[in-house]
Amino acid sequence: MRMTDLIQKKRDGGALTREEIRWMIGGYTQGDIPDYQMSAMAMAIYFRGMDMDETYELTMAMLDSGDRIDLSAVSGIKADKHSTGGVGDKTSLVLCPMVAACGVKMAKLSGRGLGHTGGTIDKLESFPGFSTAMEEDAFLRQVDRVGFAIAGQTAQLCPADKKLYALRDVTATVASMPLIVSSILCKKLAAGADVIVLDVKCGSGAFMQTEQDAFGLAQALTQVGRRAGRKVVAVVTDMDEPLGNAVGNALEVKEALAALRGEYRGDLMDLCLTLGTQILREGGAAKDDAEARAMLENAISSGAALEKFAQFVRAQGGDAAAVYEPSLLPEAPVKLEVPAPVGGYVKRIHAEGVGLVSMRLGGGRASKEDSVDLAVGVVLAKKVGDAVAAGESLGWVHARTAEAARQAAEQLAACYEIGPEPVERAPFIKGVVRCAQEGATA
Ligand code: URA
């Protein structure tokens, strides 16, 4: 086979065969196919797309490029969750202990943040001593004993995706449906869970800006996942404003702890209850949505989810005192209130902009080598639809220095659009997509 012929075939709208896709992904992973040819192929896929068969074969070829985690030593149903990425997304910190407290185990691999979105691993490092560098057998033992573990992803899992994602990032080919589906699913399939729940973000802060595209992605993810023999559910949710109120590592941990104490009932909790319901039902722990939701609510009100979180922090070497006493978490020396320049109703909060404010304060990375400041970030006091008087607080900036706080406060105010008319909020949960059809087993 010749890569030039495959590029030409895709460029002209042809469908690649299983053999061609496997040859291409194998060759690219081993370094036999150069980046410039793979870039041309990614661009051809971007414009021409791939049908379901091609998308499935691409996913499986990327899955087979590396190792898989074998969760069979862990008893019971194992679940995993993935989000297509958002600002203020601390869902895993709340969802995993809730679900584990209800008896379904969560085996989760996570990453560090880059750019305007934060990473779960950075957030968890707010607990002194906490580590996500775990050997596979320690990971499996912890999932079995505690009910969940969150570890850093190893380089041996889907090396083809690692290489191709980095290439897409610099060739303007990230936003391609088949490339996103195969990239997300190969990693989730390699991580071995029986039930996979995907949070597909939709809106200005997400890859998929329209509902139509987000539902298209959700359909494709569930279809390919089912064909690979897993139970996959996708929940389409709004990302037109940050999730929850806190953006920044330790600040998001504090918000997650408030949710686990039952003191937070906003969009974040709505999302965790919806995702958790799908996991418990698909995992067979609840007979229907109503029972699943009641179990999750009970995990919060009984304190079982918070206790599960403390167990998890301890098991991964962290100091769990801060779980019960959040003031022990890192705190920024400067806190500055951001007043509303005018009165009215919050029409829009630019999610990506808020993520960038936190990043520039030091809470995120501009490049992979940067370290993050765990203490800094922003806390929003107003969300879309809220009424606000001129001079009333829009939120707070947590910064290292007075000058950094002053600049961030200006930038945060600029992320808000305030209008004179009351604003009707669009529903936060836009829909749940399941695929009934089952096929071959991966
Ligand atoms: N997340 C991934 O892992 N891959 C993509 O292509 C997009 C989002």
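**Exercise 1. Cysteine 272**

Task: Is cysteine 272 buried or exposed? How far is its sulfur from the closest cysteine sulfur?

Solution.
1. Cysteine 272 has 0% relative accessibility and counts as buried. The model is a predicted one.
2. The closest cysteine sulfur belongs to cysteine 96, 9.2 Å away from that of cysteine 272.
3. That is too far for a bond.

**Exercise 2. Disulfides**

Task: How many disulfides does the count come to? Which cysteine has the sulfur nearest to that of cysteine 158?

Solution.
1. A disulfide covalently joins the sulfur atoms of two cysteines.
2. The cut-off is a pair of cysteine sulfur atoms within 2.5 Å.
3. By this rule the count is 0 disulfides.
4. For cysteine 158, the nearest cysteine sulfur is that of cysteine 186, at 3.6 Å. Cysteine 158 is in no disulfide.

**Exercise 3. Positive phi at cysteine 158**

Task: Where is cysteine 158 placed, and is it buried or exposed?

Solution.
1. Most residues other than glycine have a negative phi.
2. Cysteine 158 is not a glycine, yet its phi is positive, about 50 degrees.
3. It sits in the loop between strand E3 (148-152) and helix H8 (159-169).
4. Its relative accessible area is 2%. Cysteine 158 is therefore buried, since the cut-off is under 20%.

**Exercise 4. Positive phi at alanine 172**

Task: Which loop holds alanine 172, and is this residue buried or exposed?

Solution.
1. Alanine 172 has a positive phi, near 55 degrees, and is a residue other than glycine.
2. Its loop lies between H8 and helix H9 (177-190).
3. The relative accessible area of alanine 172 is 62%. Exposed means over 50%, so alanine 172 is exposed.

Definitions and conventions
Residues numbered from 1 in each chain as written. Predicted model: local features only at pLDDT ≥ 70, side-chain atom pairs only at ≥ 80, totals over all residues. Heavy atoms only, no water. Helix = DSSP H or I, 4+ residues; strand = E, 2+ residues; numbered from the N terminus. Buried < 20%, exposed > 50% of the residue type's maximum accessible area, 1.4 Å probe, protein only.
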